[in-house]
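Work through these short exercises with the structure open beside you. Try each task before you read its solution.

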Amino acid sequence: MGGGIITAVSRTALELLRLLAQDAPAERIDEQARALAAADPESGAVARELALRVRAGIDAHRRREVELSALVDIARDLASRPDPGEVLDTIVRRARTLLGADCAYLTLADPERGDTFMRATDGSISARFQALRLPLGAGLGGLVAQTHRPHWTADYPSDTRYEHTAEIDAAVEEEGLRAICGTPLLVDDEFVGVLFAAHRVRRPFASTEVALLGSLAALAAVSLVQVRRAAETAEALAALSSAHAGIEQAAAAHDRFAGVVLSGGGVDDIAATLGELLDCWVAVLDVDDQLLAAHGAVPDGLAELPAVRRAADAARLVHADGAAAVGVRAVGQRLGTLALGGREALDDGQVRTVERAAMVTALVLLFRLREAEADQRVRTDLLAELLARPAGEVDAAVVERGRLLGLRLRTPHVVAVCRGGRAHGPGLVGGHDGWTVAVVPGRDASAVAADVARRAGKEAGPVGAAGPVVPAAGLRDAYAEARRTAAALAALGLPSGSARDLGFAGLVTGDAADVEAYLERVLGPVAAHDARRGTDLLATLEAYFAAGASPSRAAGLLHVHVNTVGQRLERVAALLGDDWHTPDRALEIQLALRLRKLRGGGA
């Protein structure tokens, strides 16, 4: 009978596996698991729990794939909307669908009145709600606007954490909303509004739902930036066109430049268009006279051309020695120089064409500069948060923020620091507490330190590194170790490295003394030889140093002939290198021998 029960249990367990493989719903799996539990209550309960957990994991993974696919689809949809109003309507419609909410809505900030107002809704039935304004700090949305942080509640009408007002509560009651989640909409660190998802029944919001709404808000922010910049570019180019409408040649050139920019072209495309219009070579230099773009047979030594040198201080196009140049400026800031040549003198219309090209180039460079500054601010904020976070569990929200910046914060990274210079390259780079910090993907802290030192230059000073660590789990300890290592490197006059490169000094600077690794690095070859050959070269080294580095006295301590000691020391030299007895190496070896004895590895 016992065998029959075991067979029935086995068959039922196999049936559970078959159902999982067939992607059966949780209800069928639970039904089969209960049958197993009836046959064998103890193991059946465990099997049921494991099967349902596997089913739940599969469902969660599939749901995340669907959400990510939806976010990609939403990003494409938003990118195709040139009108800001269409973008906002698309955002709330997609938010409602993505979170399965009864209602989604978006409020925008009103800097003049110091509050937020309802701008777009989807699923709303109340005219009063659609005309609502939220003072800062009032209600859930007002608190999100005030703190720039997400807030959510399972039952807003009864939630005493929020400052309730008669107007807000009446509008929410008329709309019939209970559960509400709101997340801030930030563009270049500027608060723009709040995106909400709400239900008309009491229900909690899962952390995944809050993160998903935050991801959608981030996409919305990027889309608004793109639409606004395109509108600003179009407005600036339209102003140029209307100011010189009477000049047909300049107007035609304007249309060409506008088309280039609005189709996503950059400085290279503007230079090529100008060169084609005027049949000449064209070059764009940055503020440091480095070449950004070129078209045609650009001569060498551009920065030394008289026209280019004079254009830095001139307000209009400068002609000199067969070339012409004009400063590229925006908002009172010189961003570079546009130069051209290889043709006859320009007429007035062609001069205006060149100056228009310079203005459009300035707009493109300014947008690029502002975008880089905004991106760096976001990266600096994220870096500061990670450096202040003690080592712990991986933060999924931090991982998602890093993903939007092109970072993989779940993978191993190395933290490298230096006092000066401007480190650049892959990973997360920024300034923090007077240090230049680089969080770089990799596992070899010494290699990363050397690479950062090469990129940052000698003026950066010693580069200390620690790791590998997972950034999303916190970098405070690794950051502290990297700073201690940099200080030790400076004291020792070394350019870069990690705690393991400092020898015995690394035992002090490291976050945790890795004695085993130190002993292996210093004495490993000798210990391995002793173990393999049955010799005792380590004891000979101990006697040699105990005898004041005298082979003859060491022979007395070991009760062997002095020639035997000499032969053993020759073998040590073959294993450790001929410089093993130099002062620095000898100190390292003696310290390692002492540590080995303290750890019970020696007599």
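**Exercise 1: the sheet**

In this predicted model, six strands form an open sheet with antiparallel pairing, in the order β3-β2-β1-β6-β5-β4. Task: find which strands are the edge strands.

Solution.
1. Look for strands that pair on one side only.
2. These are β3 (133-135) and β4 (151-153).
3. Now follow the twist: from one strand to the next it averages 25°.
4. Turn to the edge strand β4: three bridges join β4 to β5 (residues 179-187), and the two run antiparallel.
5. Within this pair, Thr153 stands opposite Ile180 of β5.

**Exercise 2: α19 and α20**

Task: work out how helix α19 (residues 551-558) is oriented to helix α20 (residues 562-576).

Solution.
1. The two axes come within 8 Å.
2. They cross at roughly 105°.
3. Angles of 65 to 115 degrees count as roughly perpendicular, so α19 and α20 are roughly perpendicular to each other.
4. Check the contact: Pro551, Ser552, Ala554, Ala555 and Leu558 of α19 meet Val562, Val565 and Arg568 of α20.
5. Sort these residues: six are nonpolar, one is polar and one is charged.

**Exercise 3: α18 and α20**

Task: do the same for helix α18 (residues 537-546) and α20.

Solution.
1. Their axes come within 10 Å and cross at roughly 110°.
2. That makes α18 roughly perpendicular to α20.
3. From α18, the contact uses Leu537, Thr540, Leu541 and Tyr544.
4. From α20, it uses Val565, Arg568, Leu569, Arg571, Val572 and Leu575.
5. Sort the residues of this contact: seven nonpolar, one polar and two charged.

Note on methods
Residues are numbered from 1 along each chain as its sequence is written. This is a predicted model: local features need pLDDT of at least 70, side-chain atom pairs count only at pLDDT 80 or more; totals for chains, interfaces and linings use all residues. Side-chain values use heavy atoms; hydrogens and water are left out. Axes are lines fitted to C-alpha atoms, for helices over the stretch in contact, and angles run from 0 to 180 degrees between N-to-C directions. Helices (H or I, at least four residues) and strands (E, at least two) are DSSP runs, numbered from the N terminus. Angles under 35 degrees count as roughly parallel, over 145 as roughly antiparallel, 65 to 115 as roughly perpendicular and the rest as oblique. Contact means heavy atoms within 4.5 Å. Ala, Val, Leu, Ile, Met, Phe, Trp, Tyr, Cys and Pro count as nonpolar, Asp, Glu, Lys and Arg as charged, and the others, Gly among them, as polar. Two strands pair if DSSP finds at least two bridges between them.
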